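Hi everyone, thanks for making the time. I'd like to walk you through one chain today, so let's put it up on the screen.

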Amino acid sequence: MDNWKIVNKIAKIFGYIFVVFSVLAAIVNYELVTMMYSSPPPASFIVLNILTATVPLIISAVLSFTVAIITAKSSEPTEQVPETQTEPKVDVEETQP
């Protein structure tokens, strides 16, 4: 039980890290593309350059959050309903002498 909780926390942390690095990679790539060209580069070039840098990080973040969701569900305790023993009802007619 505790192992799943640890895996859940680690997966969430890695998910957040991947999201932060994805944003940083997008900003850095945008700045690099605009610095490299004296005239404004085509918008499609900027978008493709940013996507190629961020898609692996975004996929890693999605997978990490998926692992966190799965481990959160598996770490929840399952309720076990105790079976109650019921005595069979017997209709007994009492006869008095």
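Before we look at any residue, one term: by buried I mean under 20% relative accessible area, by exposed I mean over 50%, and partly exposed is what falls in between. Please also keep in mind that this is a predicted model.

With that in hand, let's start with α1. In this helix the buried residues are N8, A11, G15, S22, A25, N29 and V33. What lies over them? The cover of the buried residues in α1 includes α2.

Let me step back to the whole chain for a moment. It has two helices and zero strands. Of its 97 residues, 16% count as buried. The accessible surface comes to about 8400 Å², and carbon and sulfur atoms account for 66% of that. If you take contacts between residues at least 6 apart in sequence, 81% of them join residues at least 24 apart.

Now the helices one by one. α1 runs over residues 2–36. It has 35 residues, and from its first C-alpha to its last it reaches 51 Å, close to the 51 Å expected at 1.5 Å a residue.

α2 covers residues 43–75, which is 33 residues. Its end-to-end reach, again C-alpha to C-alpha, is 46 Å, close to the expected 48 Å. Where does α2 bend? Have a look at T54: the bend there is about 40 degrees, and a proline, P56, follows within four residues.

T54 also appears in the list of buried residues of α2, together with I46, I50, A61, S64, A68, T71 and S75. Their cover includes α1. As a reminder, an α-helix has 3.6 residues a turn, so residues three or four places apart point the same way.

Let's zoom in on two asparagines of α1. The first one I'd like to show you is N8, which sits in that helix. N8 counts as buried because its relative accessibility is 11%, and the cut-off is under 20%. Setting aside neighbours within four places in sequence, N8 is in contact with A68, T71 and A72. Two of these partners, A68 and T71, are themselves among the buried residues of α2.

The other is N29, also in α1. Is N29 buried or exposed? At 15% relative accessibility, it counts as buried. Not counting residues up to four places away in sequence, N29 touches N49, I50 and A53.

There are also two pairs that are far apart in sequence. T66, in α2, is 51 residues away from G15 along the sequence, with 9.3 Å between their C-alphas. T66 is partly exposed, at 35% relative accessibility, whereas G15 is on the buried list of α1. The other pair is I70 and W4: 66 residues apart in sequence, and 9.4 Å apart from C-alpha to C-alpha. I70 belongs to α2 and is exposed, with a relative accessible area of 53%.

Finally, please turn to the surface. Which residues make the nonpolar patch? They are I6, I10, I13, F14, I17, V20, F21 and L24, and the patch is about 730 Å². One of them, V20, is in helix α1 and is partly exposed, with a relative accessible area of 48%.

That's my tour, and I'm happy to take questions.

Technical notes. Residues are numbered from 1 along each chain as its sequence is written. This is a predicted model: local features need pLDDT of at least 70, side-chain atom pairs count only at pLDDT 80 or more; totals for chains, interfaces and linings use all residues. Side-chain values use heavy atoms; hydrogens and water are left out. The expected span of a helix is 1.5 Å times one less than its number of residues. The bend at a residue is the angle between axes fitted to the seven residues ending there and the seven starting there. Buried means under 20% relative accessible area, exposed over 50%, partly exposed in between (1.4 Å probe, protein chains only). Contact means heavy atoms within 4.5 Å. Patches are made of residues with over 30% relative accessible area and no salt bridge: like charges are joined within 9 Å, nonpolar side chains (Val, Leu, Ile, Met, Phe, Trp, Tyr) within 5 Å. Accessible areas come from the Shrake-Rupley method with a 1.4 Å probe; for residues, only the protein chains shown count as cover. A salt bridge is a side-chain nitrogen of Lys or Arg within 4 Å of a carboxyl oxygen of Asp or Glu.
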